[in-house]
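Welcome, and please get your viewer ready for a short walk through this model. We will go from one selection to the next and look at what is there.

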Amino acid sequence: MPSWRRTLTAADIADPALRADYTAAARRVLGREKAPYLALRLLAAPPLVPYLTAGLAFMNLVDDIAENGTAEERSAGLAGLAEGLAAGGGTDPVLRAYAHAVSVRGLPGHWITDFLAGAESAEAGFTGFAAEADFQAYLDAYAWPGITVFTGLQYPGGPDREQAAAWRRFVDAAQRVDFLADLAGDLAAGRLCLPLDRLAEHGVTRADLEQHRDTAAVRALLAGECALARTSLDAARDVVGHADPGLRRVGRTMLELMAHQLTLVERAGPAALRRDIGYGTLAPLRILTRTATGR
């Protein structure tokens with residue numbers, strides 16, 4: 001793995017101020033998303049790494065603002081991001097790095113404006129899902145643009161229709177796994193991210209989940225949700241073939257990490273109502289090592 005300085009040079013980022021901005025973005029990602037950061041650093045082609053790191057830092061920044069504070073604070077924070085980007089990043093080094101990455105890589109601006117709009121309407125104003133159609137609308141409004149403001153930077157000029165569709169399938173799987181893995185924390189925060197009609201199908205109430213009830217109905221509900229996530233994950237595997245060659249090992253690693261986390265959720269069953277399910281420590285390292293060595 002080349003040093004960070006050499007990685008910046010490989011991406012033709014020579015200006016000292018810009019290098020400092022990209023370094024600030026990388027530090028933000030490392031502090032919040034260690035596994036994806038290590039995957040990028042270890043497995044992605046160096047010329048892509050700074051741009052994708054800036055994209056991931058921006059995606060995380062939007063998520064953090066959309067999920068925290070009062071409605072007024074969230075709205076003001078998202079508006080501030082839009083204004084900052086319009087000004088080339090303003091005083092925020094993460095925004096400056098991302099604005100530069102978007103300019104250099106030619107990512108179409110509609111992905112960013114869609115993401116920021118969805119952050120306010122679908123995420124900051126989240127009230128749950130009545131049915132699968134509401135989940136799909138959430139993906140279209142927020143999660144799909146959110147993954148594209150990051151992964152779309154791998155493609156000069158942005159993704160084409162097939163590439164964008166592949167990342168739409170990927171984010172469908174990723175969001176299902178994430179909602180299951182974070183079920184306990186979301187419930188504790190007053191968020192229920194499973195469609196209400198599927199609870200009703202199994203005769204499960206929100207109170208059953210919030211009170212961590214280990215019943216046959218709850219087990220059946222969670223098993224069904226995991227099966228849907230597994231099917232979605234299988235459908236997303238072609239994303240690797242739609243990725244830039246310099247990012248394909250990262251794509252395979254992300255899929256393996258998701259599959260591993262989903263397996264842990266399946267094993268946990270109703271215990272996932274009491275604690276969030278992470279990746280663990282050793283398994284991600286094994287996955288990263290295996291992908292890095294081509295085994």
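## Aromatic rings

Start by selecting Phe-126 and Phe-129: both are buried, meaning under 20% relative accessible area (over 50% is exposed, in between is partly exposed; 1.4 Å probe, protein chains only). Before going further, note that this is a predicted model, where local features need pLDDT of at least 70 and side-chain atom pairs count only at pLDDT 80 or more, while totals for chains, interfaces and linings use all residues. Residues are numbered from 1 along each chain as its sequence is written, and side-chain values use heavy atoms, with hydrogens and water left out.

Across the whole structure there are 14 aromatic pairs. Rings of Phe, Tyr and Trp (its six-membered ring) pair if their centres lie within 6.5 Å; planes under 30 degrees apart count as stacked, over 60 as edge-to-face and the rest as tilted.

Now select Phe-58 and Tyr-98. Their ring centres are 4.2 Å apart and their planes at 5°, so this pair is stacked. Phe-58 sits in helix H4 and Tyr-98 in helix H6 (residues 93–105), so to find both, look at parts of the chain 40 residues apart. Phe-58 and Tyr-98 are both buried.

Go back to Phe-126 and Phe-129 for another geometry: with centres 5.1 Å apart and planes at 80°, the pair is edge-to-face. To see the wider group, add Phe-115, Phe-135, Tyr-138, Tyr-142 and Phe-179, which belong to one aromatic cluster together with Phe-58, Tyr-98, Phe-126 and Phe-129.

## Two helices side by side

Next, colour helix H4 (residues 49–67) and helix H5 (residues 71–86), which pack at about 155° with axes 7 Å apart. Axes are lines fitted to C-alpha atoms over the stretch in contact, and angles run from 0 to 180 degrees between N-to-C directions. H4 and H5 are therefore roughly antiparallel, the word for angles over 145 degrees. Helices here are DSSP runs (H or I, at least four residues), numbered from the N terminus.

Show the side chains in contact (heavy atoms within 4.5 Å): on H4 they include Phe-58, Leu-61 and Val-62, and on H5 Leu-78, Leu-81 and Leu-85.

## The cysteines

Which cysteine sulfur is nearest to that of Cys-193? Select Cys-226: its sulfur is 15 Å away, too far for a bond. The count is 0 disulfides, a disulfide being a pair of cysteine sulfur atoms within 2.5 Å. Cys-193 is buried at 3% relative accessible area, and Cys-226 is buried at 5%.

Note on methods
Parallel < 35°, antiparallel > 145°, perpendicular 65-115°, else oblique.
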